[in-house]
Amino acid sequence: MPTSSGTVNGDGVDIRGTIDLPGSAGASGSGGRGGSTATPPTPPPPLRDGYGVTVPVTLADLINFKPVAGIDHMEPNGWMVVGLDTNFYATIDSGVQTGLLLTLPASVRFTAERYRWSYGDGTSATRSTRGSSWVASGVGEFDRTPTSHVYRNAGTYAIDLAIDFSAEYQYVGGPWIPITGTIPVSANRLVATAGDASTVLVGRDCAQRPSGPGC
């Protein structure tokens, strides 16, 4: 609310006044011969110390956490029959880990999302399932499974598996929060020999490999 007062000064008038502006305790001004001016409002103070900005946690922040490498398995173990399915499957440990995340106590949970097999014969496959043994799948030996592979030529092959893990974190008492992206972790390498049925099934030394078919 503006207020004003004035006095006669010779042939002129001195006028003084105040005006309330938002964010200020009032401003005053004066002018001669009927004029008036107002002082601009005081700007707000700068931000005080102690304010922080929260940013998303990234995979690069998980320096104290790492997924446990999975284990690659195959059936038959260490050999294959050309033209028949060889069963591959993985076992993993996706437990919760605890430690410091950005200097604060936290838990991190890893989940296997994709299984990327490289069969050593120039082919590869990406699966959303880790597979299981023939017995656990309820099928017979050399039956097809969601993670089996057929070798077409005799030879010795190196089989590699990489598992892509997603991650979630949780501060004490808070919710689980997903982190964008995945972490690839290599499993153990398998080396196995493929042969035809007469070589692998009939000519196999049962004393050396008593678990071979027909032994």
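Which strand does strand S8 (residues 104–118) pair with, and over how many bridges? Its partner is strand S11 (residues 155–171), and the two run antiparallel over 12 bridges. Before I continue, the conventions.

This is a predicted model, in which local features need pLDDT of at least 70 and side-chain atom pairs count only at pLDDT 80 or more, while totals for chains, interfaces and linings use all residues. Residues are numbered from 1 along each chain as its sequence is written, and side-chain values use heavy atoms, with hydrogens and water left out.

Let me begin with the chain and its confidence. The protein chain holds 2 helices and 13 strands; these are DSSP runs numbered from the N terminus, helices being H or I over at least four residues and strands E over at least two. The average pLDDT, the predictor's confidence in each residue from 0 to 100, is 81 for the protein chain, and 67% of the residues score at least 70. Two stretches call for caution. Over residues 21–34 the pLDDT stays under 50, although the model has 35 contacts there beyond four places in sequence; contact means heavy atoms within 4.5 Å. Over residues 47–53 the pLDDT is also below 50, and this stretch has 0 contacts in the model beyond near neighbours in sequence. Where pLDDT is low, the predicted coordinates should not be read in detail.

Next, some totals. Of the 215 residues in the protein chain, 30% are buried, where buried means under 20% relative accessible area, exposed over 50%, and partly exposed in between, with a 1.4 Å probe and protein chains only. The accessible surface comes to about 13,300 Å², and 55% of that belongs to carbon and sulfur atoms; the areas come from the Shrake-Rupley method with a 1.4 Å probe, and for residues only the protein chains shown count as cover. Among contacts between residues at least 6 apart in sequence, 60% join residues at least 24 apart.

I return to strand S11. Two strands are said to pair if DSSP finds at least two bridges between them. Opposite Ser-166 in S11 stands Thr-111. S11 is also joined to strand S12 (residues 177–186) by 7 bridges, again antiparallel, and Ala-162 has Ser-186 in S12 as its bridge partner. The hairpin of S11 and S12 has 5 residues between the strands, and within that hairpin Gly-173 takes a positive phi near 80 degrees.

S11 further pairs with strand S13 (residues 190–195), antiparallel over 5 bridges. In S13, Thr-193 is the bridge partner of Thr-156, and Val-191 is that of Ala-158. Strand S5 (residues 79–81) pairs with S13 in the parallel sense over 3 bridges, and here Trp-79 has Thr-193 as its bridge partner.

Two residues illustrate this region. Ser-107 is found in strand S8 and counts as buried because its relative accessibility is 15%. Beyond four places in sequence, Ser-107 touches residues including Val-96, Glu-168, Tyr-169 and Trp-176. Tyr-157, in strand S11, counts as buried because its relative accessibility is 11%. Beyond four places in sequence, the contacts of Tyr-157 include Met-80, Tyr-119, Tyr-151, Leu-190 and Val-191. Tyr-157 and Gly-78 are 79 residues apart in sequence, and their C-alpha atoms are 9.8 Å apart in space.

There is also an open sheet of 3 strands, in the order S4-S6-S10, with antiparallel pairing. Its edge strands are S4 (71–75) and S10 (148–150), each pairing on one side only. S4 is joined to strand S6 (residues 85–91) by 5 bridges, and the partner of Asp-72 in S6 is Ala-90.

Finally, which residues touch the most other members of the largest nonpolar core? Of its 31 residues, they are Leu-62, Phe-88, Phe-110, Tyr-151 and Ile-159. Such a core is a set of buried Ala, Val, Leu, Ile, Met, Phe, Trp, Tyr and Cys residues joined through side-chain atoms within 4.5 Å. S6, S8, S11, S12 and S13 each supply at least two residues, and S11 gives the most, with 7 residues. Outside its neighbours within four places in sequence, Phe-88 is in contact with residues including Asp-72, Trp-117, Arg-130, His-149, Tyr-151, Ile-159 and Leu-190.
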